[in-house]
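Please keep the sequence and the 3D view side by side while you read, and look up each residue as it is named.

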Amino acid sequence: MAVRGPDASGRTPLRWRAAGPLLAALLTASACTFPADQDASSLTTGALDATLERRAAAVLAHDRAGYLDALAPDAAKLRAAQRTELDRLADVPLKSWTYDVKDITEQDGQWATAEVELRYRIAGYDTAPVATRRVLELMRDGDRWYITADRPADGASGQLWQQGDVEVVKGDHSIVLGVGRGAEELRQIADTVDLAVPAVSEAWPRPWSRRVVVLVPDSVAAMAKLLGSPETSYRGIAAVTTGEAGGTGERPAIADRVVVNPQAYATLGSFGQRIVLTHETTHVATRTSTSAATPVWLSEGFADWAAYRGEDRSADTVAPELADAVRGGRTPAELPADRDFGFDGEAAELAGAYEGGWLACELIAERWGKEKLIAFYETVGGHQGREGAVEQAMKAVLATTLEQFTADWRDYLAARLG
């Protein structure tokens, strides 16, 4: 299940958003100072850039003094909060940490507001950075500018280390970061992801990192804060994947994160947990071939197809809601629409949408073969925009039409579930 943001890592174009009071401290390595020939009353992008470069170096070196130096000396609460957040990062293996000043607005030469983008990568796992925006408030004192407050930019969400001490467990293909969860629980999740990665690579034999980052917050409420959405959106949802679909040479896709809802995940048996994490790992593997042109029934159906293939489970066991509908004479007339996958809808309808997407991919794999299914997925994702993407791919790859495929899918539901 992928959460999409201004891309497609899901339902609304995929994204990962992060933030936290950490940034204020993170954003300034030492207070902004200026060359003798530069007007100290003006906070320039270049001056703030230089400060943030020092700040980034302090984060990577876990240099507490350098990390806090740019904060206003009398901002005791801010300094304490940022010191704590830096300490919580101690066990996270960071490869990079950079800032990019996006905008500065001054008032009266004494106050300024800056919007900054933070980008970071976890060593050995991220091939692209996670990005988030923060807004800093700054005050001039003599020839120096100090950060007095920070807040998330509009639409930004939280970072795991803002929620508590971070426990880190590494697997062969995974790294699991948890807050308020025991090491044994995190190890079990890492082991399950390690089983999922080769299974996904067999289903999706295309190049991908084969590395997965998993975040395990302490509650569904904490999960919602990481994702920047209401808590009600994720009750009963065991896990979601964040990230950004597609990517180009100029702008690579943003790194994925699998975020686990510990309460819902714990209710599943080992089989269900394996299916969930294989499904989410499939989203990580297929991310660069997923785009705004990809309908949700295809991205979610393929992820379920990859998770269930090879499992000895009957179709009506995997798709109970759709089986009830078919047997009750309520066979869907059309393939599931994107809106059918909204987390705020009825649970039975959401389940039926996933089941319909899964059986559509099952039909393609059974009738045309696995390679055709993969080619169809790639062709749809490579289309310029949603309009006509599925129709063109069905014609080019499957030699059929959407109308005919829909009729065949309805017959397939009757045969498998009736």
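The paragraphs below go from a sheet to the helices and then to a few single residues.

Bear in mind throughout that this is a predicted model. A good place to begin is an open sheet of 4 strands, in which the strands follow the order E1-E2-E3-E4 and pair in the antiparallel sense. At the edges of this sheet lie strand E1, covering residues 94-107, and strand E4, covering residues 144-152, and each of these edge strands pairs on one side only. If you follow the sheet across, the twist from one strand to the next averages 30°.

Next, consider how particular strands are joined. Strand E2, made of residues 111-122, is paired with strand E3, made of residues 130-141, through 10 bridges in the antiparallel sense, and one residue to look for here is Leu118, whose bridge partner in E3 is Thr132. Helix H2, which spans residues 45-61, packs on the sheet and touches E1 and E2, while its direction makes an angle of about 150° with that of E1. On the other side of the pairing pattern, E3 and E4 also run antiparallel and are joined by 8 bridges, with Met139 standing opposite Tyr146 in E4. These two strands, E3 and E4, form a hairpin that leaves 2 residues between them, and in its turn Gly142 has a positive phi of about 70°. As you look along the strands, it helps to know that in a regular strand the side chains alternate between the two faces of the sheet.

How can the packing of one helix against another be described? Two packed helices are described by the angle between their axes and the distance between the axes. For helix H12, residues 347-367, and helix H13, residues 370-381, the axes come within 6 Å and cross at roughly 130°, which means that H12 is oblique to H13. In this contact, Cys361, Ile364 and Ala365 of H12 meet Lys370, Leu373 and Phe376 of H13, and the residues taking part divide into 5 nonpolar, no polar and 1 charged.

Some single residues can now be placed in this picture. Asp408 lies in helix H15, which runs over residues 402-417, and with a relative accessible area of 13% Asp408 is buried. Apart from residues up to four places away in sequence, Asp408 touches Leu363 and Arg367. In helix H8, residues 270-286, you will find His283, which counts as buried because its relative accessible area is 2%. The side chain of His283 is joined to that of Glu300 by a polar contact of 3.0 Å.

Is Val168, in contrast, buried or partly exposed? Val168 belongs to strand E5, residues 166-170, and its relative accessible area of 23% makes Val168 partly exposed. Although Val168 and Asp91 are 77 residues apart along the chain, their C-alpha atoms are separated by 6.7 Å. Once neighbours within four places in sequence are set aside, the contacts of Val168 are with Asp91, Val92, Ile175, Val176 and Leu177.

A last stop is Ala222, which has its place in helix H6, residues 220-227, and is counted as buried because its relative accessibility is 11%. The C-alpha atoms of Ala222 and Gln163 are separated by 7.5 Å, with their positions 59 residues apart along the chain. Leaving out residues up to four places away in sequence, Ala222 touches Gln163 and Pro217.

Technical notes
Residues are numbered from 1 along each chain as its sequence is written. This is a predicted model: local features need pLDDT of at least 70, side-chain atom pairs count only at pLDDT 80 or more; totals for chains, interfaces and linings use all residues. Side-chain values use heavy atoms; hydrogens and water are left out. Two strands pair if DSSP finds at least two bridges between them. Axes are lines fitted to C-alpha atoms, for helices over the stretch in contact, and angles run from 0 to 180 degrees between N-to-C directions. Contact means heavy atoms within 4.5 Å. Buried means under 20% relative accessible area, exposed over 50%, partly exposed in between (1.4 Å probe, protein chains only). A polar contact is a pair of N or O atoms within 3.5 Å; within protein, one must be able to donate a hydrogen and the other to accept it, and residues adjacent in sequence count only if both atoms are side-chain atoms. Angles under 35 degrees count as roughly parallel, over 145 as roughly antiparallel, 65 to 115 as roughly perpendicular and the rest as oblique. Ala, Val, Leu, Ile, Met, Phe, Trp, Tyr, Cys and Pro count as nonpolar, Asp, Glu, Lys and Arg as charged, and the others, Gly among them, as polar.
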